[in-house]
Amino acid sequence: MSKYNRTKLLPYGLRFIQGVVRGNTKFEIKGASFGVTQVTDNDVISAGKLPNIVGSIPIVAIDDDSLASQGVLGIELSFTQKSTGINHDVTLWDVQINGQQERDNQEHPIAYTIAQQPETLTLSDPSFEFRLMVYVQVGDTDKVAINVNPDGMESRKEHQRDIQELVDGITQGYVVSDLKDKNGNQLYDHQGNKIKVKTAIVNTDKSLSILNRAADAKTTGDLLRALDQDLTRLNQKLYHDFTTKNEALDIDNLAKANADINRHQDQKIDELKIKTIELENNSRTIHLVGHNGTAISDHTSNSLVGLKQIMIVDSTLTNPNALANAKAIGDAINTAYQQLSHAIGLIMAILDSLDKNRVIIDIKNRLSALEEQKKENK
């Protein structure tokens with residue numbers, strides 16, 4: 001932040017003030033000059049003016065009230081690309097105030113100030129402006145006129161209007177701006193008036209979901225009001241349903257009791273599930289214990305477990321009070337069936353063989369009978 005020393009009078013300034021105090025003359029503060037290189041008080045006093053002046057600057061406003069009782073007037077200067085005639089960046093090291101005594105057609109340096117911390121003027125930017133208020137001892141303020149630049153006054157009014165528009169925009173949340181097309185051309189309505197639009201100063205998030213984005217006030221308010229209404233209805237319902245604290249406690253205790261019962265039932269159901277799985281697998285997991293009844297663990301301290309059959313299955317089909325192995329039964333039945341089928345085949349073969357022998361015997365018997373009959377006929 002820039003900082004400038006108190007204003008000091010030059011020889012012409014002291015002479016002008018002496019004339020004012022004596023009542024002999026009046027003078028007018030005409031404008032100011034400025035330098036952009038560092039100088040000292042000795043440099044200025046030796047020259048009787050700023051030795052490094054690069055340009056002049058108009059006065060845009062005055063303060064003839066705050067220190068008028070002490071014979072001091074405030075002079076406001078505006079540094080812009082237009083007012084300085086400079087279009088590159090410079091450092092404002094010192095300022096000189098110029099005045100003109102009545103009946104004298106020549107301006108003279110009357111006061112100056114040197115920067116403790118100079119301001120950098122970014123005059124390469126056409127929109128840049130730096131304003132500096134310089135207070136000058138004049139003796140009798142009623143006998144001193146100040147030449148205020150009309151353009152500067154208008155600029156100050158515009159500046160104040162811009163500030164007010166900015167304040168209003170912050171208050172209302174938007175600023176009114178000209179509507180232009182994509183090429184930057186102003187758009188007009190059918191009557192030739194500029195079309196204006198309201199542009200939000202802050203881009204708010206109505207979804208309330210974007211990180212580091214300002215929340216939309218209306219959306220937030222609507223949600224909070226809806227939440228407040230829901231809480232009010234809930235509060236009314238609570239008072240309606242639970243008229244006393246004791247009733248609420250009874251219901252709370254009942255809910256806790258039901259929760260305990262449900263947890264107990266859930267435990268039983270889980271146990272039944274485990275037993276059902278064990279029955280389906282005909283085995284259950286058991287922890288191995290030693291002779292002293294303590295659990296046996298491995299080198300990692302994990303308990304050793306094993307599987308135990310719930311029902312003994314006998315595959316030899318010889319153990320009483322045991323369940324017969326289904327596969328062994330099936331194999332035995334299949335073997336018995338195969339043996340029975342083989343026996344039936346043998347029996348059928350024998351029967352078939354017996355039938356054939358009986359026929360042969362019958363034929364032999366018939367032949368024997370025929371031979372006997374022939375013998376008798378002879």
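Me: Is Leu 238 buried, partly exposed or exposed?
Reply: Keep in mind that this is a predicted model. Leu 238 sits in helix α5, which covers residues 217–241. Buried would need under 20% relative accessible area and exposed over 50%. Leu 238 comes out at 40%, so the label is partly exposed.

Me: Which residues form a nonpolar patch on the surface, and what is their accessible area together?
Reply: Leu 238 is one of the members, and the others are Leu 224, Leu 227, Leu 231 and Leu 234. A residue needs over 30% relative accessible area to join a patch, and Leu 238 has 40%. Together the patch residues have an accessible area of about 470 Å².

Me: Which residue meets Asp 230 in a salt bridge?
Reply: Look in helix α5, 3 residues from Asp 230, about one turn of the helix. The N to O distance is 2.2 Å, and the cut-off for a salt bridge is 4 Å. The partner is Arg 233.

Me: Is Arg 233 buried, partly exposed or exposed?
Reply: Its partner Asp 230 has 39% relative accessibility and counts as partly exposed. For Arg 233 the figure is 49%, and exposed starts over 50%. So Arg 233 is partly exposed.

Me: How many residues apart in sequence are the parts that Lys 196 and Asp 178 tie together?
Reply: The two side chains meet in a salt bridge at 2.4 Å, N to O. Lys 196 belongs to strand β12 (residues 196–200) and Asp 178 to strand β11 (residues 174–178), so the bridge ties together parts of the chain separated by 18 residues.

Me: What is the relative accessible area of Lys 196?
Reply: Across the bridge, Asp 178 is partly exposed at 28%. Lys 196 is partly exposed too, and its relative accessible area is 47%.

Me: Which residue forms a salt bridge with Lys 30?
Reply: The closest N and O atoms are 3.7 Å apart, which is within the 4 Å cut-off. Lys 30 is partly exposed, with 22% relative accessible area. The partner is partly exposed at 25%, and that residue is Glu 28.

Me: Which residues are linked with Glu 76 in a network of salt bridges?
Reply: By the rule used here, the model has 8 salt bridges. In the network, Glu 76 is linked with Glu 129 and Arg 131.

Me: Is the pair of Phe 79 and Phe 130 stacked, edge-to-face or tilted?
Reply: The count of aromatic pairs comes to 4. For Phe 79 and Phe 130, the ring centres are 6.1 Å apart and the planes are at 35°. Stacked needs under 30 degrees and edge-to-face over 60, so this pair is tilted.

Me: Which strands hold Phe 79 and Phe 130?
Reply: Both residues are buried. Their pair links distant parts of the chain, 51 residues apart. Phe 79 is in strand β6 (residues 72–80), and Phe 130 is in strand β9 (residues 129–137).

Me: Which residue lies over the face of Tyr 12?
Reply: Tyr 12 belongs to an aromatic cluster with Phe 16 and Phe 27. The residue over its face is 4.6 Å from the ring centre, and it is Arg 15.

Me: How many helices and strands does the protein chain have?
Reply: The chain has 378 residues, of which 22% count as buried. Its secondary structure comes to 7 helices and 16 strands.

Methods
Residues numbered from 1 in each chain as written. Predicted model: local features only at pLDDT ≥ 70, side-chain atom pairs only at ≥ 80, totals over all residues. Heavy atoms only, no water. Patch = residues over 30% accessible without salt bridge, like charges linked within 9 Å, V, L, I, M, F, W, Y side chains within 5 Å. Areas by Shrake-Rupley, 256 points an atom, 1.4 Å probe, with all protein chains shown as cover. Helix = DSSP H or I, 4+ residues; strand = E, 2+ residues; numbered from the N terminus. Buried < 20%, exposed > 50% of the residue type's maximum accessible area, 1.4 Å probe, protein only. Phe/Tyr/Trp six-rings, centres within 6.5 Å; stacked < 30°, edge-to-face > 60°. Lys NZ or Arg CZ within 6 Å of the ring centre and 35° of its normal.
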